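Good morning, colleagues. I should like to take you through one model, beginning with its loops and ending with its ligand. Please look at the sequence and the structure together as I speak.

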Amino acid sequence: MNYRISHRAASLSPSLTLAIDAKAKQLKADGLDVVGFGAGEPDFDTPQHIKDAAAKALADGFTKYTPSSGIVELRQAIAEKFKRDNGLTYKPSQVIVSCGGKHSCYNVVLATCQEGDEVIIPAPYWLSYPEMVKLAAATPVILQTTDATDFKVTPDQLRAAITPRTRLFILNSPSNPTGSLYTPAELKALGDVCVEKGVLIMSDEIYEKLVYDGAEHVSVASFSAAHLEHTIIVHGFAKAYSMTGWRLGYLAAPEPIAKAIDAIQSHSTSNPTSFAQKGAVAALTGPQDHLKVWLAEYAKRRAYAHQRLNAMPGVSCVNAKGAFYLFPNISKTGLKSTEFCARLLDEEKVAAVPGIAFGADDYLRISYATSMANIEKGLDRMEKFVRRLVK
Ligand SMILES: *Cc1c(COP(=O)(O)O)cnc(C)c1O
């Protein structure tokens, strides 16, 4: 049998972050004392009242198909969240609930992009974006940034990359993997370019609630009616409510795009899990107190890790403004990211994700969504490793 794999599937690179996480977990299961900095998920448990709501829905028999784009109660709660947190007015019909924020992103790309289209993606990028664009048979156009500009693209850089084929610009602020956060003025300027050029923006705002030092997340959709018309917001429950395994995300889009995505979803996944949606309603409408506690803990870890990384020879690290990642520059150690991370895992049993996975080979991603004790131990080991490389 000739198991010919389709062009689209064959063009993909499997997710390196998931692979590294799996390898670290395997080494741990084999009895090795591995410190994992690879995780892209909070180390906190889902708040109890959210679990209770889903458990009750399950016990009550809420176990059947729902509308494919999600229950009205949840889409209403999401519309209210956008009003309350972002000052944005969406009808529930503009909101689609999907099986994770990742699924929402994929739906957006699939509904808006096709062969011949270009999608502008600033690097370092979340590693799934270019692969999603390839699955849609469109072409990723990467805009390189470095730590010298806090990993931000400028309006001039964006403008220069736009061609008649440009369909979509992907924004992710706060960013995975860098933790970088655009200021409102910077965001507005990027949005202005897209409005002027008629380019759609996919704004992945999943880390909205995880910002530090009194910084504020603002949605690019909120600057004017034109910005709103040009923007599709992707969001989810994974990060702010620690619900990664629930597989629930959502998007808000102009009506024609929401309709197209509803159609795609109705023929692919159908609805996201029924009782999980009830948990999500509780997440959005219930108490938000857990966030303060989590943010204080993340902030402590970030400050510690940032200072430790900068004290290592050959390593420099700009501070993150959001999310739960640091993205240190390791170019002065003489190693590229793949070798650095492979040897760090082999020699010191520390798992981190090589920057090359995010389109930036001089860096690695350190997730501080792990205990302070782990962070201390892992950074002690990384320092030992780096001191052997840099005299
Ligand atoms: C975690 C994450 C998502 C969504 O994750 P799901 O688990 O699919 O909800 C989306 N975008 C970025 C940048 C992320 O880091």
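Helices (H or I, at least four residues) and strands (E, at least two) are DSSP runs, numbered from the N terminus. Residues are numbered from 1 along each chain as its sequence is written. The model is predicted, so local features need pLDDT of at least 70 and side-chain atom pairs count only at pLDDT 80 or more, while totals for chains, interfaces and linings use all residues; side-chain values use heavy atoms, with hydrogens and water left out.

I begin with the loop between strand 5 (166–172) and helix 8 (184–197), where Pro 174 lies. Pro 177 is found in the loop between strand 5 and helix 8 as well. Which kind of peptide bond leads from Ser 173 to Pro 174? That bond is cis, with omega near -5°. Asn 176 and Pro 177 are also joined by a cis peptide bond, and here omega is about 25°.

Another loop, between helix 6 (128–135) and strand 4 (139–144), holds Ala 137. Although Ala 137 is not a glycine, its phi is positive, at about 65°.

Let us turn to a sheet. Three strands form an open sheet in the order 9-12-11, with antiparallel pairing; two strands pair if DSSP finds at least two bridges between them. Strand 9 (325–326) and strand 11 (353–354) are the edge strands, each pairing on one side only. Between strand 9 and strand 12 (residues 364–367) there are two bridges in the antiparallel sense. Tyr 325 has Ser 367 of strand 12 as its bridge partner.

Finally, the ligand. It is surrounded by 13 residues (a heavy atom within 4 Å of it), and Gly 101, Asp 204, Tyr 207, Lys 239 and Arg 247 are the closest. The shell comprises five nonpolar, four polar and four charged residues; Ala, Val, Leu, Ile, Met, Phe, Trp, Tyr, Cys and Pro count as nonpolar, Asp, Glu, Lys and Arg as charged, and the others, Gly among them, as polar.

Which residue offers a polar backbone atom 2.8 Å from an oxygen atom of the ligand? It is Lys 102. Asn 176, already met beside its cis bond, places a polar side-chain atom 2.8 Å from a ligand oxygen. For Lys 239, an N or O atom in the side chain is 3.0 Å from an oxygen atom of the ligand.

Note on methods: Polar contact = N/O pair within 3.5 Å; in protein donor to acceptor, adjacent residues only side chain to side chain.
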